[in-house]
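Colleague: Please take a close look at a single part of this model for me, namely the pocket side of things. Give me the cut-offs as you go.

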Amino acid sequence: MQKDNFERATTWQCRDRVMDLSRPLIMGIVNVTPDSFSDGGTHNEFEAAVAWGKRLAEQGADILDVGGESTRPGAAEVSVEEEIRRVVPVVRELAREGFAVSVDTSKPEVMQASLEAGACILNDIRAFELPGAEEVAAQSGAGLVIMHMQGTPQTMQNRPDYEDLLGEIEAYLKAREAALLAKGVRLEQICWDAGFGFGKTFEHNFSILKHTERFVAGGRPYLMGLSRKTSIGAAANQPDPSKRIVSSVAGALLAAERGAQIVRVHDVKETREAFDVWQAMQAAR
Ligand code: 7PJ
């Protein structure tokens with residue numbers, strides 16, 4: 001299919017699963033957030049998240065990414081107990097159904113509880129930098145997504161600045177990879193993510209999209225998460241995030257076409273349709 005002068009990752013080890021990267025995988029986003037319509041509507045929130053996850057799987061999601069912490073700038077921090085309460089029952093139920101479940105967290109306690117509940121991927125926007133996270137990652141055998149962010153979710157959007165955007169991101173990912181390997185993680189577990197929207201301007205974000213191949217050339221599976229993000233909305237002149245479906249699908253397709261093996265998206269059905277068209281072209285003589 002593709003012929004490049006570098007070695008693309010073709011598989012990704014996620015505990016007992018070996019993810020086949022010969023076609024791009026869709027990671028569907030399952031947010032577990034408190035039900036604003038009832039006080040203490042814990043059951044509702046669980047049911048809604050599980051139903052959403054099952055629906056995304058039906059629509060063609062290969063991985064379900066369950067998250068209970070908002071990383072929007074200025075969002076309130078969530079305690080360990082609260083994040084476990086939100087996320088772990090949803091992870092357990094979706095894993096029990098046989099889906100490949102990822103947990104979007106930075107907290108080692110949430111990672112550990114999610115692994116016990118059956119998660120096969122740990123997706124950490126802080127690249128296992130919180131104390132204790134590397135150790136949990138090392139004994140997990142799970143797929144590990146390491147993402148680049150400049151600053152913290154609270155500060156990242158005030159004046160992001162780079163001398164060498166691509167070089168700095170790559171150096172950071174290599175350093176985090178080396179730190180994990182030193183703790184006993186196997187290279188086959190690691191997936192890179194340049195962190196679209198995390199401490200980056202509009203120009204930075206589209207530069208990392210344009211240069212996807214450079215990160216793919218690192219030889220690890222490469223994940224792109226741009227779904228409904230601010231820069232996508234800015235490019236498409238669409239201030240309402242719920243109306244950024246076509247623009248997000250366009251971005252996901254551009255990333256996949258440049259070699260990204262995993263895309264993290266809200267709109268699985270639409271992304272799947274776009275990928276199917278691309279795959280039809282790829283398969284043709
Ligand atoms: C990402 C993520 C991303 C990875 C979020 C949002 C913000 N994990 N978690 N990559 N974004 N790996 O979806 O707008 O880009 S939360």
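Modeller: Helices (H or I, at least four residues) and strands (E, at least two) are DSSP runs, numbered from the N terminus. With that in hand, strand E3 (25-31), helix H6 (202-210) and helix H8 each give the lining of the largest pocket at least two residues. Bear in mind that this is a predicted model: local features need pLDDT of at least 70, side-chain atom pairs count only at 80 or more, and totals for chains, interfaces and linings use all residues. Numbering starts from 1 along each chain as its sequence is written, and side-chain values use heavy atoms, with hydrogens and water left out.

The largest pocket (an open set of 1 Å grid points over the protein atoms alone where a 1.4 Å probe fits, with protein on both sides within 12 Å along at least five of seven lines) comes to about 980 Å³, taken as the space filled by probe spheres on the points. Its lining (residues with an atom within 4 Å of a point) has 41 members, and Ser 70, Thr 71, Arg 72, Phe 198 and Lys 229 are the closest to the centre. By type, the lining splits into 15 nonpolar, 16 polar and 10 charged residues; Asp, Glu, Lys and Arg count as charged, Ala, Val, Leu, Ile, Met, Phe, Trp, Tyr, Cys and Pro as nonpolar, and the others, Gly among them, as polar.

Now the ligand. Its neighbours (a heavy atom within 4 Å) include Thr 71, Phe 198 and Lys 229, and those three names also turn up among the residues closest to the pocket centre. Asp 104 is another neighbour, and strand E5 (residues 101-104) ends there. Val 145 and Met 147 are on the list too, both inside strand E7 (143-147), and so is Leu 223, which belongs to strand E9 (223-224). Asn 123, Ile 125, Asp 193, Gly 225 and Arg 264 are also around the ligand.

For polar pairs (N or O atoms within 3.5 Å), Asn 123 puts a polar side-chain atom 2.7 Å from a ligand nitrogen. Asp 193 does likewise at 2.6 Å, again to a nitrogen atom of the ligand. On the oxygen side, a ligand oxygen sits 2.6 Å from a side-chain N or O atom of Lys 229. Taken on its own, the ligand has 390 Å² of accessible area (Shrake-Rupley, 1.4 Å probe), and the protein covers 85% of that.

One backbone detail to finish: Arg 228, in the loop between strand E9 and helix H8 (230-235), has a positive phi near 60° despite not being glycine.

Notes
A polar contact is a pair of N or O atoms within 3.5 Å; within protein, one must be able to donate a hydrogen and the other to accept it, and residues adjacent in sequence count only if both atoms are side-chain atoms.
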